[in-house]
Amino acid sequence: MPQLKPVVLITGAASGIGHATALAFARAGYRIAITDINESNGSKVVKEITSLGAEAIFIKADHSKESDNSRAIEETLKAFGRLNAAINNAGVEGQPDLKIEQQTESNFRHTLGVNLDGVLWSMKYEIPALLKSGGGCIVNVSSVAGSIGMAGMAAYVASKHAVEGLTKVAALENATRGIRVNAVAPGAIQTEMIDRFVGKGESQARKELAAEHPMNRIGKADEVAQAILFLCSPASSFITGHILPVDGGWLAK
Ligand SMILES: NC(=O)c1ccc[n+]([C@@H]2O[C@H](COP(=O)([O-])OP(=O)(O)OC[C@H]3O[C@@H](n4cnc5c(N)ncnc54)[C@H](O)[C@@H]3O)[C@@H](O)[C@H]2O)c1
């Protein structure tokens, strides 16, 4: 009997790291459920994956809402019948350059809502689906901001520190149930998020950001995708509860 292809759910995959991860999993033989709030970009990613000969569906979901997370899993199971891996990547940077005494309730709630609540609600519904499918892997997308402070980025830094804590709790709760839970912690990676920070072209701000990395460059989205793929592969079978920096050496300083 032919073996069924594995299924991965990737949140926020209409752009950047999620998009690159969807392409990497397609090339690795997965069927892919892509979620995002951006329907038109999400549909383009589905077409791109289909043109590679892989199967993909798009699910419009706002991951800050618990109900959208349960629906995303229902639609994935309805389309593909199983779930073998889940990548919780959807995220926002929040409003930059806001000191703590300038924080607003709307910025703090929105950033924590997507980056932290989103990861909690995602895992709440992914874990039972993974268990029913015989086990699997979860990878949460954190940031170097999950272990260091960044002035002016209180909401983002708090959300990513918390995601790393949640990753460890989920790893412990599932260590003997056949589910491994890890996170990647990217440095600055060339995506629309970085363009929003430092502008699109060459600039002093972009040079200074690159210089934060001992490798003196900004990373590529596919370099994060490959680390995520590794954490979902049998090559990482004894790794759980780990936060893997993909940061050109930033956190080694
Ligand atoms: N680019 C970087 O330098 C960098 C560094 C470290 C960590 N990260 C993390 O990587 C992840 C992806 O970021 P990126 O750089 O690819 O950014 P991006 O802006 O290119 O992509 C983020 C995607 O998430 C989607 N999204 C936003 N809010 C959502 C919501 N409520 N529900 C569903 N989807 C939503 C957006 O529509 C977008 O398609 C984020 O968690 C981010 O914090 C990025």
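**Exercise 1. Determine how strand β4 (residues 85–88) and β5 pair, and over how many bridges.**

Solution. In this predicted model, β4 and β5 pair in the parallel sense over four bridges; two strands pair if DSSP finds at least two bridges between them. Strands (E, at least two residues) and helices (H or I, at least four) are DSSP runs, numbered from the N terminus. At one end of the register, A85 stands opposite C137 in β5. N88 has N140 of β5 as its bridge partner. The model is predicted, with residues numbered from 1 along each chain as its sequence is written, and local features need pLDDT of at least 70. Side-chain atom pairs count only at pLDDT 80 or more, while totals for chains, interfaces and linings use all residues, and side-chain values use heavy atoms, with hydrogens and water left out.

**Exercise 2. State in which order the strands of the open sheet are arranged, and which strands stand at the edges.**

Solution. The sheet consists of seven strands in the order β3-β2-β1-β4-β5-β6-β7, with parallel pairing. β3 (56–60) and β7 (243–246) each have a single partner strand, so one side of each is left without a neighbour in the sheet. Neighbouring strands are turned by 20° against each other on average, direction ignored. Axes are lines fitted to C-alpha atoms, for helices over the stretch in contact, and angles run from 0 to 180 degrees between N-to-C directions. Helix α2 (residues 39–51) packs on the sheet, touching β2 (31–36) and β3, and its direction makes about 170° with that of β3. Helix α3 (residues 66–80) also packs on the sheet; it touches β1 (7–10), β2 and β3, and makes about 155° with the direction of β3. Contact here means heavy atoms within 4.5 Å.

**Exercise 3. Establish whether the faces of β5 are covered or open, and describe the surroundings of V141.**

Solution. Six of the six residues of β5 are buried, that is, under 20% relative accessible area, with exposed meaning over 50% and partly exposed in between (1.4 Å probe, protein chains only). G136, I138 and N140 lie on one side and C137, V139 and V141 on the other, and both faces are covered. V141 belongs to β5 (residues 136–141) and counts as buried at 5% relative accessibility. Not counting residues up to four places away in sequence, V141 touches I87, N88, N89, K160, V184, P186 and I228. V141 and V224 are 83 residues apart in sequence, yet 9.3 Å apart in space, C-alpha to C-alpha.

**Exercise 4. Characterise the packing of helix α1 (residues 16–27) with helix α8 (residues 221–231).**

Solution. Two packed helices are described by the angle between their axes and the distance between the axes. The axes of α1 and α8 come within 8 Å and cross at roughly 55°. The two helices are therefore oblique to each other: angles under 35 degrees count as roughly parallel, over 145 as roughly antiparallel, 65 to 115 as roughly perpendicular and the rest as oblique. From α1, the contact is made by G16, I17, A20, T21, A24 and F25; from α8, by A221, D222, V224, A225, Q226, I228 and L229.

**Exercise 5. Compare the settings of H213, N216 and D97.**

Solution. H213 and N216 lie in the loop between α7 and α8. H213 counts as buried at 2% relative accessibility. Its contacts, not counting residues up to four places away in sequence, are G187, A188, D247, G248 and W250. N216 has a positive phi of about 55° although it is not a glycine. D97 likewise has a positive phi of about 55° without being a glycine. D97 is found in the loop between β4 and α4 (105–132) and counts as exposed, at 65% relative accessibility.
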